[in-house]
Amino acid sequence: MAEDLQIIEGNRADKYQALIPQVEALIQGETDLYANLANIAAAIHAYFGFFWVGFYLNKQDQLVLGPFQGPVACTRIPYHKGVCGHAYRTQESIIVPNVDEFPGHIACASASKSEIVLPVMDSAGEVVMVLDVDSDQLDDFSETDREGLQAIIDLIEKNYSSWY
Ligand code: SME
């Protein structure tokens, strides 16, 4: 695995373009699920300075906190709650420009103002986890983030079956 993250200057699209191959290098040859998710969360957090970046894993019929970077967070999210639950149920990514206007949003931290959540599917099409990225700025996420983060999700989905 690569041990250094090269953080480039530029707009968000440029940054995703530079980050994605580095994520690929980070996970190459490593089969531990939590080690890989921890490094992916850390890489996204370091690259963009988002308020919170982390994974909630589908286990025990709910979404349970996994590797993350940022302030301490809620540990368990029922499928029917929050932005994370919405992404789980719909199996689609969602951008919430203003979390106060999203019915059922779970406020783990009052500083969080906008967020994006993307589901991660296994080869059977089941949602195995979601990636949740929170910003302390309103309306901080666009299609650029959806595409960039989805490319990272694609890497997870491609390798997930060999992770333990
Ligand atoms: N806001 C999320 C909960 C997780 S925390 O923000 C880290 C939600 O509504 O699902």
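A salt bridge is taken here as a side-chain nitrogen of Lys or Arg within 4 Å of a carboxyl oxygen of Asp or Glu. The structure described is a predicted model, and four such salt bridges are present in the structure.

**Salt bridges**

Arginine 12 and aspartate 145 satisfy this criterion, their side chains meeting at 3.1 Å, N to O. The two partners belong to distant parts of the chain, with arginine 12 in helix α1 and aspartate 145 in helix α4, 133 residues apart. Their surroundings can be stated in terms of relative accessibility: arginine 12 has a relative accessible area of 25% and is therefore partly exposed, while aspartate 145, at 1%, counts as buried.

A further link between these helices is formed by glutamate 24 and lysine 158, whose closest N and O atoms are 3.9 Å apart. Because glutamate 24 lies in helix α1 and lysine 158 in helix α4, this pair ties together parts of the chain that are 134 residues apart in sequence. Glutamate 24 is partly exposed, at 37% relative accessibility, and lysine 158 is exposed, with a relative accessible area of 60%.

Arginine 146 and glutamate 143 form a salt bridge in which the closest N and O atoms are 2.9 Å apart. Both residues lie in helix α4, three residues apart, so about one helical turn separates them. Arginine 146 is partly exposed at 23% relative accessibility, and glutamate 143 is likewise partly exposed, with a relative accessible area of 43%. Salt bridges with shared partners also join Arg12, Asp140 and Asp145 into one network.

The three pairs described individually are set out below.

| Pair | N to O distance |
|---|---|
| Arginine 12 and aspartate 145 | 3.1 Å |
| Glutamate 24 and lysine 158 | 3.9 Å |
| Arginine 146 and glutamate 143 | 2.9 Å |

**Nonpolar cores**

The largest nonpolar core comprises 32 residues, and those with the most contacts inside it are Ile40, Ile44, Phe55, Met129, Leu131, Leu149 and Ile156. Two or more residues of this core come from each of α1 (12-27), α2 (33-48), β1 (52-59), β5 (114-121), β6 (127-135) and α4 (143-159). Helix α2 supplies the largest share, eight residues.

Isoleucine 44 illustrates the packing in this region. Apart from its neighbours within four places in sequence, isoleucine 44 is in contact with Leu19, Gly49, Phe50, Val53, Leu131, Leu149 and Ile152. A second core, separate from the one just described, contains 18 residues, including Ala73, Ile77, Val117 and Val127.

**Positive phi values in loops**

Two residues are considered here for their backbone geometry. Glutamine 91 has a phi near 60°, a positive value in a residue other than glycine. Glutamine 91 is placed in the loop between α3 (82-90) and β4 (94-96), and its relative accessible area of 39% makes this residue partly exposed.

Aspartate 139 also has a positive phi, near 55°, and is again a residue other than glycine. The loop that holds aspartate 139 runs between β6 and α4. At 55% relative accessibility, aspartate 139 counts as exposed, because the exposed class begins over 50%.

How values were computed: Residues are numbered from 1 along each chain as its sequence is written. This is a predicted model: local features need pLDDT of at least 70, side-chain atom pairs count only at pLDDT 80 or more; totals for chains, interfaces and linings use all residues. Side-chain values use heavy atoms; hydrogens and water are left out. A nonpolar core is a set of buried Ala, Val, Leu, Ile, Met, Phe, Trp, Tyr and Cys residues joined through side-chain atoms within 4.5 Å. Buried means under 20% relative accessible area, exposed over 50%, partly exposed in between (1.4 Å probe, protein chains only). Helices (H or I, at least four residues) and strands (E, at least two) are DSSP runs, numbered from the N terminus. Contact means heavy atoms within 4.5 Å.
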